[in-house]
Every structure is written in structure tokens, then in C-alpha cells.
Amino acid sequence: MQTLASLKKSSDAYSFGFLDAFAKRELRRKILKAVAIPGYQVPYASREMPIARGWGTGGLQATLALAGPSSKVKVIDQGSDDSVNAANLRRFIARMTGCDATRDTLECTILQSRHRCPEERLKRGQVLVLQVPDPETLRSVEPNMTRARLMHADQDYGLMWLKLYEQLVRFGRFVQGASYPSLVNGRYVMSPSPIPRWDVPTLHQAQHLTILSAGREKRIYAVPPFTRVEPLEFTDEFFQVEEQSDWTCDRTGQRYKFMNEIPETDGTARHEISDTGYADKLIQKKEGEAVTLGETYYDDNGTFYHDGFLKS
Amino acid sequence: MRVPEFTQSEEASRKTFLALLQATSLPGSIHQLSQASYPENFIAIAEALIDLETTFFSPDPEISQALERTGARAVDVSEAEYQLWPTLRQDDLEVIKTASVGTMVYPDSSASLYLGCQLEQGLPLLLTGPGIDGEIEIQVAGVPESFWIVRNELTSYPLGWDVFLVHDGQVLAIPRSTEVNIGPRSH
């Protein structure tokens, strides 16, 4: 009798890293271009993957172009290592490249993420791969892709500034939550993918390389280490990260880390640190296990590690 | 669970690519390629990156011949996306000047130049820009000094060449985003 297992192709029948040699070379060429022109969206072919477009195929392809048996890969989805999306991507990457998987930010060589950056600082040599649903930051002000590309070429970001100004006029503050438009190396405005505003400053003058890849939209871009990433702000109205200073994590008792808000039936809310790898380590440490906690981007008083970068 | 085979060529391509990636993201720093001597080092770079979707140029007959099997098209300097120059002479500057710096709409269409040289000796260059913590001083021999003058004249960010300096098994990148000052650090 035929079973599902007997119908399934053996995984060693695939190319190493799932992608064929042409796909890998193309991705590698485009990644090099992306790093050479920080923030510029490089078009790429974006192959079919065994998950649907929009579920992280861009990030997955970038990771597969990088990973090998010597890699340690961590995958998170909204900060969590254990969500279905993250767990499946991690298992797939490990099966196709023979890499080790880890949950420790300090240990990983590649961190693929959907919509979060880790709380612990990434170091030189580590690569953060962000999954991007919509790479074109100008789309909300210019839906025509060809014209948006010309606007990038002309460095014409007037409409972007106008959009932010209108937010100030109508609501008294910037209401853009995720994908906050940021100027890279003083030249291109990019969408940092839908990471919260809390995470945007972590890309500025970082030690690590960030690769942002949009599989459905077929665009890849990057932020090298030691590169200016400046969230758009006015000289008298500053970019602000999320105000969560009176929230305390239910699991660890920590404050001043990015939190998930969990609604309760009585109308109140609990809070938990969104970066589960970091929260788990905090708990292990409390229980006396030998774990290494890395330095975080925001200290225990909520101060960002680059002095004066966040203005108030 | 068996992992797909990590063939020798996969391993070499990945190692070469990671060296180029780290070099590009940290301009001025030296990284190890998969092959340590001419012409295998240049051929390994080509095999990691180019195929029938790309164009190339190399004045070196041995490299050109080896590259034919990649399926990439051999074209003139003015058209070639990937250029492999094991030695760049003063006379070559008039030709290399015609290499593409890309367009404002598609700056990624510019040429990538892989130049043979000797690192850590010769002309001092002071680099600043993305990927560099402050500034970094490097030394390059075997590339005419006027190449850097031409490079600086033609670079108008985001337009410009991505230059990779290859010394045996070592590579150092100077992407277009890097500002190159000829001469040592002034104190």
C-alpha cells in the first residue's frame, strides 16, 4: 500500500540548500549588490519555495543562500522561536543545509526573523535576515512602482515627509507603528520591514549585517554594519519608540524590553517579553542555570545604547 | 533524516561567497577565499557568481577560457557586469574607464571589478563609509595609483564600481559606498 512516506521524495534528492545552483548564484550576486548600495531595493528572481509567498519565502531564500553545515541558525516569528512559522522554517533550513539550530541570539550565525529584532545585541559577523512583506516604503504615497523607483532615483521623498506631517497635524504624533520609514546612509529611504519602532534604532551603526528580503515582491536590500539608519523625524518633532515604560513582564519581572500585550477576560492585560529566547534565558538565570546574557540594546532603565540617538 | 549532499563545488562556492559578503559588508577587512593562488582564485570567484544570466570580461586568456563553461557571455569592458583583471596595467585604464557605473534608476547594473594585487604593501588608502567603524587604512600594491583617481572621479554614489582586491587567497572589497582617500592618514 502506498503511504504518505513512500510517496515523499527523499530529502537528499534535493540540491544542497534546496535552491538550485542558478538560484543560489543569482541570490548571492544580488545580496552583494544590496550590501554595496545600503537601503537600495535590488530586484531578484525569487523562486518558488515549499511555503506560500508571503510566509517568509524572501527571508528563507536569503538564509538558504548563506547557510551551510558550519552555520547556527535561529528563526523567530514576532520574537518567538516556537511559533508554527518559525519552527517549520527552522526545521526546513536545518534539513536542507545540515546547519545547527539554536534559540540563543548570542550563539547564532544567522538569525532569520519575522517582524522583530532580538533584545540582545548582535555582533560582528552575525547576519540578521528580515522577512519583508512590503519592501516599497513609498507605496502608501505612490502606488505606481515605476514612479516610486524614479522617486528613489531622484531622492525625492517629499511625499513621505508630507505623510508624516499629516499624521502630526491629524493625531498630534507619528502614528506609523511598524515599518517606520528610515533613511539609510543618508541616501535611500527604506522600510525596515514591519519591526516595531522599538527595533528600528537597533539597525543604526550596528555591528551586524542586516539583509531584508521580500519573496513575493522580489526585492532584496541590506544594511551593512556601521551604517547610518535614521528614522525620519522633524527637527522639532522626534521619532519615538513605543511607550511601554510602566509594563512589567509577567514571566521575568523585567521592564524596558519590548512586550507582548495579552488581553485578559476581565478587560485588563498582562505583558510578556516578546523575545522568548531572551526571556527564557532570564528565567534560567534566575533558577541558577549557567546561561550567558548578552548586552541589550536598551538597558534596565530603558536607555538606548547609542547615547543621544533617540531624542526626547 | 539525510541532508542533501554538500558537494565540493557547493562548499567552495559558499566559502567564496561568504568571503565576498563579509568583505563587502566590512570594507577594508581581509577575508579568505576558497582558492589560494592564481588563476584558481579568480576562477573560483567566477564560478560562485556568474552563469549564463551574466556577462563577463577578462583580459587573461586562461581565465576567459575557464569561464566559457559557466555559460556566461564574454563581452567588452563597457558591457561586462563581472570583470576579472589579474593584473591591471597603466595602459588598461583607458579601457576600464568605460566600465558601467550603473544608472540612477538601476544602480545595481554597474560593473564589479575583481583586481589582482598585493595587499598590505604599497600605496596607502584611507577608507571611510558604511561598514567601516570610523576609518581604516589599507595598503595596495600592483594597482596603478591613477586607477584610484579614475575610480574616485567616476564614483558618484549610488553610481560606481564595486571593486574587489584579490591577493592570492585573500580578498578585500571597496564598494561604491566607500570613500577612498589616496595617501596615509594625516595626523
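Salt bridges and the A–B interface in a predicted model

Q: Why are B:Glu10 and A:Lys24 said to meet in a salt bridge?
A: A salt bridge is a side-chain nitrogen of Lys or Arg within 4 Å of a carboxyl oxygen of Asp or Glu, and the side chains of B:Glu10 and A:Lys24 come to 2.9 Å, N to O, so the pair fits the rule. This is a predicted model, in which local features need pLDDT of at least 70 and side-chain atom pairs count only at pLDDT 80 or more, while totals for chains, interfaces and linings use all residues. Residues are numbered from 1 along each chain as its sequence is written, chains are lettered from A and ligands numbered from 1 in the order in which they are written, and side-chain values use heavy atoms, with hydrogens and water left out.

Q: How many salt bridges does the rule find across the interface of chain B and chain A?
A: The rule finds four across this interface, while a search of the whole structure gives 32 over all chains.

Q: What makes 46 residues of chain B count as being in contact with chain A?
A: Contact means heavy atoms within 4.5 Å, and by that rule 46 residues of chain B are in contact with 47 residues of chain A.

Q: Why is B:Arg69 called exposed?
A: Buried means under 20% relative accessible area, exposed over 50%, and partly exposed in between, with a 1.4 Å probe and protein chains only; B:Arg69 has 63%, and is therefore exposed. The side chain of B:Arg69 meets that of B:Glu47 in a salt bridge at 2.8 Å, N to O. The pair links distant parts of the chain, 22 residues apart, with B:Arg69 in the loop between α3 (61-68) and β3 (73-74) of chain B and B:Glu47 in helix α2 of chain B, where helices (H or I, at least four residues) and strands (E, at least two) are DSSP runs, numbered from the N terminus.

Q: Why is B:Glu47 called partly exposed?
A: B:Glu47 has a relative accessible area of 32%, so B:Glu47 counts as partly exposed.

Q: Which description fits B:Glu94 and which fits B:Lys97, exposed or partly exposed?
A: B:Glu94, at 55%, is exposed, whereas B:Lys97, at 37%, counts as partly exposed. Their side chains meet in a salt bridge at 3.3 Å, N to O.

Q: What joins A:Arg25, A:Arg29, B:Asp51 and B:Glu53 into one network?
A: Salt bridges that share partners join these four residues.
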